[in-house]
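Me: I'm new to this one and would like to understand how its labels are earned. Could you walk me through the reasoning?

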Amino acid sequence: METHTRLFLVRHGQVANFSDGAYNGHNDVDITGLGIRQMEAVASRLKGENLTAVCCSSLIRAKRGAEIIAGNNGLAPEYYPSLRELNVGLWEGMNLEQVEKRFPGAVDEWRSRGVDYRIPEGESIRDLAGRVIPALKKILDANNGRNIVLVAHGMVNRVILADAMNLELKNVYSIEQDFGCLNIIDYFSGFTVVKLMNGQLPARD
């Protein structure tokens with residue numbers, strides 16, 4: 001069988017302010033106790049997968065998960081600022097209702113322009129893809145033929161999955177990424193196969 005690189009793509013665990021529905025973006029919010037248990041469940045699932053690298057965003061919510069997974073597999077995590085979540089600029093820390101109240105009409109403009117809407121003092125999803133996909137390709141090239149983990153964020157993961165399935169970027173909103181989920185992507189020479197998407201692992205009580 002042709003050699004391939006297997007990417008275990010993970011979304012970080014539940015964040016501390018999840019109930020607020022706020023956009024965190026680059027806000028360095030930590031994960032909850034449940035979030036830790038979700039990452040422990042992923043680490044347990046990946047034990048024995050012959051991992052050679054655990055990479056992650058440089059935000060603490062991704063770093064915490066990467067450290068748990070790496071430690072369980074005798075590795076040290078590698079941190080990448082280029083894999084941070086979408087920069088939501090002036091929307092950071094607010095939910096959709098608060099955004100609309102402070103910036104009337106912004107939500108409608110965001111919905112109409114989709115992936116090309118650049119949040120004030122932030123970035124668009126197309127901007128995000130422009131930094132995430134090249135960073136991912138460098139990681140894959142450096143780990144060709146190996147099994148690696150990447151712990152990142154909801155929109156980062158959606159962009160990676162859309163790229164893997166050769167979907168137009170506008171379809172990222174059709175891809176779900178729950179806290180603590182696991183995706184498996186196999187990268188062959190010339191094509192890619194998504195083996196698992198948004199896989200849920202039971203976290204211990």
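Me: Why does asparagine 198 count as buried or exposed, whichever it is?

Reply: Happy to help, and please keep in mind that this is a predicted model. Asparagine 198 has 16% relative accessibility. Buried means under 20%, so asparagine 198 counts as buried. Its place is in strand 6, and it has a positive phi of about 55 degrees although it is not a glycine.

Me: And what makes asparagine 166 buried or exposed?

Reply: Asparagine 166 comes to 71% relative accessibility. The label exposed asks for over 50%, so asparagine 166 counts as exposed. You will find asparagine 166 in the loop between helix 6 (154-164) and strand 5. A positive phi, of about 60 degrees, belongs to this residue too, although asparagine 166 is not a glycine.

Me: How do you know that strand 5 and strand 6 pair?

Reply: Pairing needs at least two bridges between the strands. Strand 5 (residues 182-187) and strand 6 (residues 192-199) have five, in the antiparallel sense. In one of these bridges, isoleucine 185 has valine 194 of strand 6 as its partner. The hairpin has four residues between the strands, and glycine 190 there takes a positive phi near 95 degrees.

Me: What makes the span of helix 5 agree with the expected one?

Reply: Helix 5 covers residues 125-142, which is 18 residues. The rule is 1.5 Å times one less than the number of residues. That gives an expected 26 Å, and the end C-alpha atoms are 26 Å apart, so the two agree.

Me: Which residues of helix 5 are buried, and what covers them?

Reply: Among the buried ones are Ile125, Leu128, Ala129, Val132, Leu136 and Leu140. Their cover includes strand 1 (5-11), strand 2 (51-57), strand 3 (78-80), strand 4 (147-152), helix 6 and strand 5. As background, an α-helix has 3.6 residues a turn, so residues three or four places apart point the same way.

Me: How do you know that the protein agrees with a compact globule?

Reply: With 205 residues, a compact globule would have a radius of gyration near 17 Å. The protein has 17 Å, so it agrees with that rule. Along its principal axes, the C-alpha trace spans about 55 × 40 × 25 Å. Of the 205 residues, 49% count as buried.

Me: Which elements build the protein?

Reply: There are six helices and six strands. Starting at the N terminus, they run β-α-β-α-β-α-α-α-β-α-β-β.

Note on methods: Residues are numbered from 1 along each chain as its sequence is written. This is a predicted model: local features need pLDDT of at least 70, side-chain atom pairs count only at pLDDT 80 or more; totals for chains, interfaces and linings use all residues. Side-chain values use heavy atoms; hydrogens and water are left out. Helices (H or I, at least four residues) and strands (E, at least two) are DSSP runs, numbered from the N terminus. Buried means under 20% relative accessible area, exposed over 50%, partly exposed in between (1.4 Å probe, protein chains only). Contact means heavy atoms within 4.5 Å. The radius of gyration is taken over C-alpha atoms; the globule rule is 2.2 Å times the number of residues to the power 0.38.
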